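User: I am a first-year student, and I would like a close look at a single part of this model. Please explain each term as you go.

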Amino acid sequence: MTNRHLMYRRLMQLITAFILIVTPIGGIFRLDVPSKSFVVFGQKLWFQETYLLIVTLLFFLFVLIGVIKILGRVACGWMCPRNLMIELLEKIAPSLGVAKPKSLIHVMLRVVVQVIFAFLVGFTFFSYFFDWKVILQDVFSLTFSLPASLTLALTVLSFIDVFVFHHTFCQVACPYGLMQSILGDEKTMAIHFDSDGCIKCNACTKACFLHIDPKSEARLTCVACGDCTVACQKVTSRRGKPIPLRYRFGDNDHLTVGRFFRDLRFLFLGGIVVLLFSGLLLGVIKHQSVAIAMAPAKWSKAIAVVPGMGINNYQIYVNNGSNQVRTYRLEVTGVDPSFIFFNENPVTLSPGTDQEVRLTVKVPKGTYIENDSIPLTIRVHSSNPDDPIAEAKGIFVMPSNIP
Ligand code: SF4
Ligand code: SF4
């Protein structure tokens, strides 16, 4: 029984860690900060499609609230990769001589194992915001780009966190734990102690990987992994009394489907999650087949001057959201067309890809008053006349002190 419980728990922890790693790498969901877009089910959507971004974030928020309200900290004990990492170090690693180092080799082994875990944390987290291939490439070529630097910084923090704080973080500072203490109620699943039938053998305390006593108030910081309930069941099951330690949903020992349909709060939460998920799917299916975004240049100074000219540089992102090759022609209105220079126009894109195009607007001195802002509109015309004409807005700022 113990082994089966632990096996299921490990399996669940590993599946969760796998899902967390694969979600951004497989393009299921991630935000792409450099191109100001986000990816949902393999479709690249733009931050301008704000409603979809909001629906996506709300969907994850309500799923999280649902998990917290129903399962409480069970998610910590059964799904949290950080706990998995610490438990593996404490419980599995002793056989490698890693958890309780006795020699320099052991210390070095422990450091190596923790560095690998810590890097996995940093890499997984930032692969939700940057291209995972860029992160790996930059880290291993020691190119300290923003994605690589942030990943390495989180790796170091995570290493210190596990090395120094162990379980203290989840007991006092974990954001999920803090949300649970706000959202959890008497119906939330938790470990329940019933002193009737307890033989004070302390098998539960010995089984706890957090080293807390589930019979005391300390169980409020427990992560509901259930290891103590299994240890307790082992010593008390033959006594014919209720097991003193067990999972409970308020006054109910079992979570049943009927309970969901009787509880208005769960019905309400479930309804919102289903609605948001449907909206998200619909949005992904119906999202624009062509999209464009405009931002100040990173490839050169955004505002510059040369003798007789004021210059603004931009980067334009064009996305082919259709499932066929498309050629796009870019057009800027707001200033004289002779002031406009693209590094490439038109651009041909494969299905589901995007490209950064560089735009320079060069305006002769005296055309506008210094520091004046001129609104620009950039439109993208597709080679397929059925595609919509997408557009983005920007501003040309007339530089001052043009020589
Ligand atoms: S008290 Fe029990 S359920 Fe809570 S963390 Fe310890 S072993 Fe797990
Ligand atoms: S394992 Fe069960 S019976 Fe033993 S001390 Fe803990 S709660 Fe009591």
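How many residues does helix H7 have, and how far does it reach from its first C-alpha to its last?

Analyst: Before the helix itself, a word on conventions: this is a predicted model, in which local features need pLDDT of at least 70, side-chain atom pairs count only at pLDDT 80 or more, and totals for chains, interfaces and linings use all residues. Residues are numbered from 1 along each chain as its sequence is written, while chains are lettered from A and ligands numbered from 1 in the order in which they are written.

Helix H7 covers residues 146-165, which gives it 20 residues, and it reaches 27 Å from its first C-alpha to its last, close to the 28 Å expected at 1.5 Å a residue (the expected span is 1.5 Å times one less than the number of residues). Helices (H or I, at least four residues) and strands (E, at least two) are DSSP runs, numbered from the N terminus, and the protein chain has 13 helices and 14 strands.

In H7, the residues Pro147, Ala148, Thr151, Leu152, Thr155 and Ser158 are buried, where buried means that 20 or more other C-beta atoms, placed from the backbone, lie within 10 Å of a residue's own, exposed means 12 or fewer, and partly exposed is in between. Seen down the axis of H7, these buried residues fall within an arc of 125 degrees (taken from the directions from the helix axis to the C-beta atoms), so they line one face of the helix. On the other side of H7, Ala153, Ile160 and Val164 are exposed. For the wider setting, 30% of the 403 residues of the protein chain count as buried.
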